[in-house]
Protein chains: 2
Amino acid sequence: MTRIKTKKPRRRPATALDVARLAGISRSAVSRTYTEGASVSPVTRNKVLAAAKTLKYRPNLFARALITQRSNIVGLAVSGLDNQFYPEVVQRFSEEFAKVGYRLLLFVTHGSAGPDPLLDELLKYRLDALILASSSVSSGLAESCRQAGVPVIMYNNVNPRSDVPSIAATNRLGSRTVAAFLVAGGHRRFAYIAGFKADSSSFERERGFSSYLVKQGLGLPARAEGQFSFDGAIHATRSLLKSPKRPDAIFCANDHMALAALQVARCEFGLSPGKDLSIVGFDNAPISAWPNFQLTTYSQPTERMVARAISLIRESLAGKALRGVHEELPGELLVRSSARLPTTGVVRSPTGTLIWTPKTRV
Amino acid sequence: MTRIKTKKPRRRPATALDVARLAGISRSAVSRTYTEGASVSPVTRNKVLAAAKTLKYRPNLFARALITQRSNIVGLAVSGLDNQFYPEVVQRFSEEFAKVGYRLLLFVTHGSAGPDPLLDELLKYRLDALILASSSVSSGLAESCRQAGVPVIMYNNVNPRSDVPSIAATNRLGSRTVAAFLVAGGHRRFAYIAGFKADSSSFERERGFSSYLVKQGLGLPARAEGQFSFDGAIHATRSLLKSPKRPDAIFCANDHMALAALQVARCEFGLSPGKDLSIVGFDNAPISAWPNFQLTTYSQPTERMVARAISLIRESLAGKALRGVHEELPGELLVRSSARLPTTGVVRSPTGTLIWTPKTRV
DNA sequence: TTGAAAGCGCTAACAA
DNA sequence: TTGTTAGCGCTTTCAA
């Protein structure tokens with residue numbers, strides 16, 4: 001009895017050649033049918049389509065990528081999806097890129113330092129572009145990619161001394177606005193919960209906040225570090241609220257930490273945010289609008305930022321140089337109930353939300 | 001004056017041939033250096049590595065995929081990242097797959113029905129496997145992929161009549177447990193907030209919950225549909241709480257909706273969850289453990305489910321047939337403070353969390 | 001262990 | 001408009 005090898009064949013998908021044979025035309029005709037703007041007669045075209053349908057043919061994008069030097073795949077590196085702000089960013093990028101024919105290859109970085117194993121991985125895939133929305137990624141990685149010819153863009157993260165282009169919110173302006181808002185609200189003892197020292201967003205936000213307070217003669221705010229993590233922010237808030245000179249206003253480097261602060265204040269210290277204590281965040285993560293939080297926060301214009309990032313990438317793909325582009329898009333100070341309101345300056349925006357604008361330039 | 005075409009050259013990355021030339025050996029030798037288990041002498045190997053380093057060479061994975069018929073890319077389709085349960089799932093898949101050399105290509109489906117444009121997209125990339133963690137995806141898509149030879153697995157979603165394998169939590173058992181828990185806690189007027197009628201998870205959870213209540217002679221629970229959305233759940237909860245026979249216990253098809261219910265009860269009706277009203281969810285999304293929510297919920301064993309899904313996919317890739325595999329992994333009823341406790345049955349699990357187990361089989 | 005040669009599935013230049 | 005041909009960058013026989 002003969003032994004028959006039964007390794008599952010996983011029959012291969014139909015190729016362009018298969019389709020060509022069945023349709024009785026050349027392989028090129030098949031290719032042209034699937035190439036935007038190529039010249040095929042309707043007759044041939046229909047033959048191809050019919051054959052393709054019976055064979056369930058779909059062009060192999062990897063083979064195409066090999067020759068066109070375009071993979072239609074964009075890499076997105078994020079540092080972790082537990083920060084309530086990022087899922088929305090990922091989703092937006094995914095949806096907007098899908099509209100223009102790109103797919104997202106996801107890289108979740110582990111936040112650790114050291115020689116980046118991500119780099120090797122990233123460059124093995126011939127990504128059309130790379131978005132670094134990860135605070136923990138070394139800007140060395142970004143630079144390497146750029147040098148390797150992959151358009152890179154830093155999102156919500158800036159290294160102004162680098163040639164790697166970036167898109168961010170108006171971190172400084174936003175934080176000054178927050179400071180002005182809190183001052184106008186009559187607060188006097190300020191605190192800032194930072195992310196990482198090295199993170200540009202955290203740093204810029206702190207700078208805007210502190211410098212405004214100093215300029216107003218209110219001195220530097222108290223300070224604690226929450227490492228951008230929920231637990232970190234919990235500890236930071238505790239230490240702040242336990243200090244003899246308890247702050248009456250806490251500004252957090254992002255919503256994720258502000259949400260933690262809110263809960264510590266409420267559940268551990270029995271404080272009522274917006275009355276006993278004001279807490280303000282930065283990002284406007286979707287969850288911050290939930291009834292239970294009603295977090296006052298400076299918003300990142302995610303929709304526009306994502307759109308802009310995609311525009312830049314497409315320009316870069318079209319051959320335009322992007323060196324040194326550092327764009328900042330303005331958000332708004334969304335007034336909800338986690339912080340005490342100033343008597344003036346609160347207006348209803350066209351979309352119906354309450355926002356605060358300073359009467360004088362901050 | 002001659003016009004010089006200035007289209008940016010984007011110089012191509014080094015190829016294996018470049019490396020071979022520099023190292024003074026053949027292209028095959030280069031390939032072997034990067035192929036697990038190929039035979040290369042240490043001498044050649046080092047030559048290759050040195051040349052590769054100076055040229056910054058990295059194997060082109062698309063070219064490799066073309067010949068090996070393995071892309072090392074797995075597709076992950078999710079219906080939306082706003083459901084607090086999914087970001088963790090995505091992150092886990094990303095991390096666990098990364099450990100075994102796979103990357104995730106993300107597809108965010110738009111929840112709509114109709115002929116799926118996703119299908120065409122999906123099969124153009126020669127994905128090594130596809131995970132459907134989207135409740136809104138037609139099982140027709142799954143079937144098509146399977147027939148196209150792509151290992152597909154449905155995650156948190158089951159079609160028992162289909163050959164497409166699935167991984168899910170013990171939806172029925174879990175829901176019966178929830179029912180038993182609420183009955184033991186002395187509740188009498190039950191309600192269920194469903195997701196979609198067509199969704200298997202929602203359906204199974206409803207079935208488990210209802211059938212237990214009926215069996216105990218307590219009749220069918222009140223019912224509302226929240227479409228798995230936050231706003232939908234808000235409306236559902238309102239209508240339930242406004243009804244003349246206000247329920248004293250609401251079980252929601254997932255945490256996402258339970259979180260909405262919690263807030264409606266608290267902020268709109270001034271009720272204190274866990275005292276005036278019990279609310280229980282299903283999933284154990286990370287956020288459910290937050291101080292502000294403390295949602296009692298039946299957990300999905302995400303870590304094990306993801307690990308199992310990956311195992312199955314790897315088996316399938318190794319040639320094993322997976323037709324008709326429908327695995328269910330048990331979770332636990334995590335007792336927090338959003339629901340009134342029975343007098344018995346609450347125990348501390350080895351990990352320190354409180355869980356409830358029925359004294360008799362449910 | 002090594003190199004030559006073939007070919008994965010596709011597109012693009014060229015000629016017809 | 002169409003087919004022929006070359007080749008994208010790689011792996012994998014096969015012989016040496």
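## A walk around the two chains and their DNA

Start with both protein chains on screen: 100% of the interface residues of chain B are also interface residues in chain A, so the copies meet through the same surface. Keep in mind throughout that this is a predicted model.

**Stop 1: the interface.** Select the residues where the chains touch. You should get 44 residues of chain B in contact with 44 residues of chain A. Now colour the chain B side by element. Those giving two or more residues to it are H4, helix H5 (86-99), strand S2 (103-108), helix H6 (117-124) and helix H11 (255-268) of chain B. H5(B) has the largest share, with six residues. Recolour by residue class and this side of chain B splits into 21 nonpolar, nine polar and 14 charged residues.

**Stop 2: the strands that cross over.** Pick residues 103-108 in chain A, which is strand S2, and then S2(B). The two run antiparallel and are joined by three bridges. In general, strands of a sheet pair through backbone hydrogen bonds, in a parallel or an antiparallel way. For one pair to label, take Leu106(A), which stands opposite Leu104(B) in S2(B).

**Stop 3: the symmetry.** What turn lays chain B on chain A? A turn of 180°, with a shift of 0.0 Å along the axis, does it with an RMSD of 0.0 Å. The two copies are therefore related as by a two-fold rotation axis. To find that axis from the chain B side, click on Leu105(B): its C-alpha is the nearest to the axis in chain B, at 2.3 Å.

**Stop 4: DNA strand C.** Show strand C and whatever surrounds it. There are 27 residues around DNA strand C, and the closest are Thr15(A), Ala16(A), Ser31(A), Ala63(A) and Ser39(B). Both chains show up in the element list too. At least two residues each come from helix H2 (27-33) and helix H4 (61-68) of chain A, and from helix H2 (27-33), helix H3 (42-55) and helix H4 (61-68) of chain B. Highlight H4(A), as this helix gives the largest share of the surface near strand C, five residues. By class, the residues of that surface are 12 nonpolar, 11 polar and four charged.

**Stop 5: DNA strand D.** Swap to the other strand. Here 28 residues surround DNA strand D, and the closest are Ser39(A), Thr15(B), Ala16(B), Ser31(B) and Ala63(B). Two or more residues each are given by H2, helix H3 (42-55) and H4 of chain A, along with H2 and H4 of chain B. Which helix supplies the largest share of the surface near DNA strand D? That would be H4(B), with five residues. The class count near strand D is 12 nonpolar, 11 polar and five charged.

**Stop 6: chain A on its own.** Hide everything else and zoom out. Chain A holds 12 helices and 14 strands. Its radius of gyration is 26 Å, well over the 21 Å that the globule rule gives for 362 residues, so chain A is more spread out than a compact globule. If you draw the principal axes, the C-alpha trace of chain A spans about 85 × 55 × 40 Å along them. Colour by burial and 49% of the 362 residues in chain A come up as buried. Try a contact map as well: among chain A contacts between residues at least 6 apart in sequence, 66% join residues at least 24 apart.

**Stop 7: the eight-stranded sheet.** Still in chain A, select the open sheet whose strands run in the order S7-S6-S8-S9-S10-S12-S14-S13, with mixed pairing. Its edges are strand S7 (222-225) and strand S13 (346-348) of chain A, each of which pairs on one side only. Zoom in on strand S9 (residues 278-283) and strand S10 (residues 296-299) of chain A: this pair is parallel, with four bridges. One contact to label is Asp283(A), whose bridge partner in S10(A) is Ser299(A).

**Stop 8: two asparagines in chain B.** Bring chain B back and open a Ramachandran plot. Most residues other than glycine have a negative phi. Asn284(B) goes the other way, with a positive phi near 60°. Look for Asn284(B) in the loop between strand S9 (278-283) and strand S10 (296-299) of chain B. Is Asn284(B) buried or exposed? It counts as buried, because 26 C-beta neighbours lie inside 10 Å and 20 are enough for that label.

Finish at Asn156(B), which also has a positive phi, of about 60°, and is not a glycine. Asn156(B) sits in the loop between strand S4 (152-155) and strand S5 (166-169) of chain B. Asn156(B) is buried as well, with 27 other C-beta atoms within 10 Å.

How values were computed
Residues numbered from 1 in each chain as written. Chains lettered and ligands numbered in written order. Predicted model: local features only at pLDDT ≥ 70, side-chain atom pairs only at ≥ 80, totals over all residues. Near = placed C-beta within 6 Å. Nonpolar A, V, L, I, M, F, W, Y, C, P; charged D, E, K, R; others polar. Contact = placed C-beta atoms within 7 Å. Pairing = 2+ DSSP bridges. Least-squares fit on C-alpha atoms with pLDDT ≥ 70 in both. Rg over C-alpha atoms; globule rule 2.2 N^0.38 Å. Buried ≥ 20, exposed ≤ 12 C-beta atoms within 10 Å, placed from the backbone.
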